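User: Please take a close look at one part of this model, the small antiparallel hairpin and the sheet around it, and then place that part within the rest of the chain.

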Amino acid sequence: MEIEGKEFDLSVRLNDVRLKNPVIPASGCFGYGYGMTDYYDIDILGSISFKGTTLNPRYGNPLPRVAECTSGMINSVGLQNPGIDAVISDELPKMREAFHGPIIANISGFSVDEYRECCHRIDGQPQVEIIELNVSCPNVHGGGMSFGTCPESVAEVVKAVKGVTSIPVFVKLSPNVTDIVTIALAAEHAGADGLCLINTLLGMRIDLRTRKPVVANVMGGFSGPAVFPVALRMIYQVANACSIPVIGCGGVSTAEDVLEMMMAGAKAVEVGTANLINPWACRDIIDNLPDAMDRYGISSLDSICK
C-alpha cells in the first residue's frame, strides 16, 4: 500500500499461510463473514475465524446471555452453532463466495473424540488453511475451558487432532489459568503449529434492581478494551517462551493496538468485541494501519514481529 509516495507492506505470514494484512475478525464476533458484505467488501481482511463449531448442533445457553460492561462486555452464548456438517455443506460455500482469502476454522468440543472428529471432517475443505482449536471457551460445561486449563489435556487434544488433519493447528488459549506459558509450551510440544491468545476472561455482573446476575448462566466471558493489557502481557510471555507463531487477541480496537500486539510478539491480530460495537471496525483498522505505521517509522509489519 502506498501513501504520499511511501510504500507500506501490511502482509504477514503464519507459517506457510500468507495474509495480505494481519487483521482477522475473531470467532463468534463476525459470524461466517458473508453477513457483513452489506457493510463493506470483506475481501480486504487478512483472514476470518468463523463461528465456533462443534460436532453436533447447539442452541447455546439460555437467555439473557450478553450484557454490556464498562470498557467491555460479558457474553455467555455457549457455542451456538449448526454443527460441523451444516457448516461444511451450507456455511463454507457461502463464505467462499464472499471471501477469497484463507479461512480459519474455529473448532471446539466436549471430548477428545469430538475434537478429533470435527477436525477430520474439516480437513481438506477448500480455503480452510488453519484450524483454531478452541480449548478455552468459558461459557460451556464439560468442554472448552476444561481442556485448556490443564497442560496434559491440551497436549492430549493437540496430539489427537494432529493425527487426523494436514491443516496447521493453532491452539486458542484461556487466560483463566495461573501460568499461561506452561499451557502454551504443552501445546507446542504436542505438535501445535501455532497459538492464539487470549480468549475471554471469566467475569460476571449483578443487576442491582433484580439482585441477580445479568446473564442467565451467572458467569460469562469478559472481553473488550479493558482486557487489552492482560492480553498483551500474556502474548509477550508466550511469544518469548515458544518458537511457534502467535495470533494476538483481546481488546483490539485500533490500528495502534495492532502494532502494539505485534511488537509484543503476535504475527497477526484478531478483532472481537469491537466488531459488535462498530461493524466497520476491521475495515477502519486496516485503513488506518499505513498512517499508524508511518507515524512510528514502520515500513513493513514483518519487521516488527519478534
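Analyst: Within strand S8, Met 73 is the bridge partner of Glu 68, and Ile 74 is the bridge partner of Ala 67. The model is a predicted one. These two pairs belong to the contact between S7 and S8 (residues 72-75), where four bridges join strands that run antiparallel. Two residues lie between the strands of this hairpin, and Ser 71 takes a positive phi near 60 degrees.

The side chains of S8 are divided between two directions: Gly 72 and Ile 74 point one way, while Met 73 and Asn 75 point the other way. All four of these residues are buried.

On to the next pairing of S8: three bridges join S8 to strand S16 (residues 220-223), and the two run antiparallel. Here Asn 75 has Gly 221 of S16 as its bridge partner. Strands S7, S8 and S16 are thus seen in their wider setting, an open sheet of four strands with antiparallel pairing and the order S7-S8-S16-S13. Strand S7 (66-69) and strand S13 (201-203) each have a single partner strand and stand at the edges, so one side of each is left without a neighbour in the sheet. From one strand to the next, the twist averages 35 degrees. In general, the strands of a sheet pair through backbone hydrogen bonds, either parallel or antiparallel.

The parallel arrangement is found elsewhere in the model. Eight strands form an open sheet with parallel pairing, in the order S5-S18-S17-S12-S11-S10-S9-S6. Its edge strands are S5 (23-25) and S6 (48-49), each of which pairs on one side only. One of the pairings in this sheet is that of S17 (residues 246-249) with S18 (residues 268-271), which is parallel and extends over three bridges. In that pairing, Cys 249 stands opposite Glu 270 in S18.

The nonpolar interior comes next. The largest nonpolar core has 96 residues, of which Ile 122, Leu 133, Val 171, Leu 195 and Leu 197 touch the most other members. Helix H9 (residues 281-295) supplies the largest share of this core, seven residues. Leu 195 illustrates the contacts involved: apart from neighbours within four places in sequence, its partners include Phe 170, Val 171, Leu 173, Ala 184 and Ala 187. Also in contact with Leu 195 are Val 238, Cys 242, Ile 244, Pro 245, Val 246 and Ile 247. As a general tendency, nonpolar side chains in soluble globular proteins are buried together.

Val 238 leads to helix H6, where it is listed among the buried residues together with Phe 228, Ala 231, Leu 232, Met 234 and Ile 235. The cover over these buried residues includes helix H5 (180-189), strand S12 (194-197), S17 and H7. H6 itself has 14 residues and reaches 20 Å from its first C-alpha to its last, close to the 20 Å expected at 1.5 Å a residue.

The axes of H6 (residues 228-241) and H7 (residues 255-264) come within 8 Å and cross at roughly 30 degrees. That angle makes H6 roughly parallel to H7. At their interface, Phe 228, Ala 231, Leu 232, Ile 235, Tyr 236 and Ala 239 of H6 meet Asp 257, Glu 260, Met 261 and Ala 264 of H7.

Helix H4 (residues 151-162) can be described in similar terms. Its 12 residues reach 16 Å from the first C-alpha to the last, close to the 16 Å expected at 1.5 Å a residue. The buried residues of H4 are Ser 153, Val 154, Ala 155, Val 157, Val 158, Ala 160 and Val 161.

Two loop residues complete the account. Tyr 39 is found in the loop between S5 and S6 and is partly exposed, with a relative accessible area of 38%. Not counting residues up to four places away in sequence, Tyr 39 touches Pro 279 and Trp 280. The C-alpha atoms of Tyr 39 and Pro 82 are separated by 24 Å, the two residues being 43 residues apart along the chain. Thr 210 lies in the loop between strand S14 (206-207) and strand S15 (212-213). Thr 210 is likewise partly exposed, with a relative accessible area of 44%. Between the C-alpha atoms of Thr 210 and Val 181, which are 29 residues apart along the chain, the separation is 40 Å.

Terms used:
Residues are numbered from 1 along each chain as its sequence is written. This is a predicted model: local features need pLDDT of at least 70, side-chain atom pairs count only at pLDDT 80 or more; totals for chains, interfaces and linings use all residues. Side-chain values use heavy atoms; hydrogens and water are left out. Two strands pair if DSSP finds at least two bridges between them. Axes are lines fitted to C-alpha atoms, for helices over the stretch in contact, and angles run from 0 to 180 degrees between N-to-C directions. A nonpolar core is a set of buried Ala, Val, Leu, Ile, Met, Phe, Trp, Tyr and Cys residues joined through side-chain atoms within 4.5 Å. Buried means under 20% relative accessible area, exposed over 50%, partly exposed in between (1.4 Å probe, protein chains only). Contact means heavy atoms within 4.5 Å. The expected span of a helix is 1.5 Å times one less than its number of residues. Angles under 35 degrees count as roughly parallel, over 145 as roughly antiparallel, 65 to 115 as roughly perpendicular and the rest as oblique.
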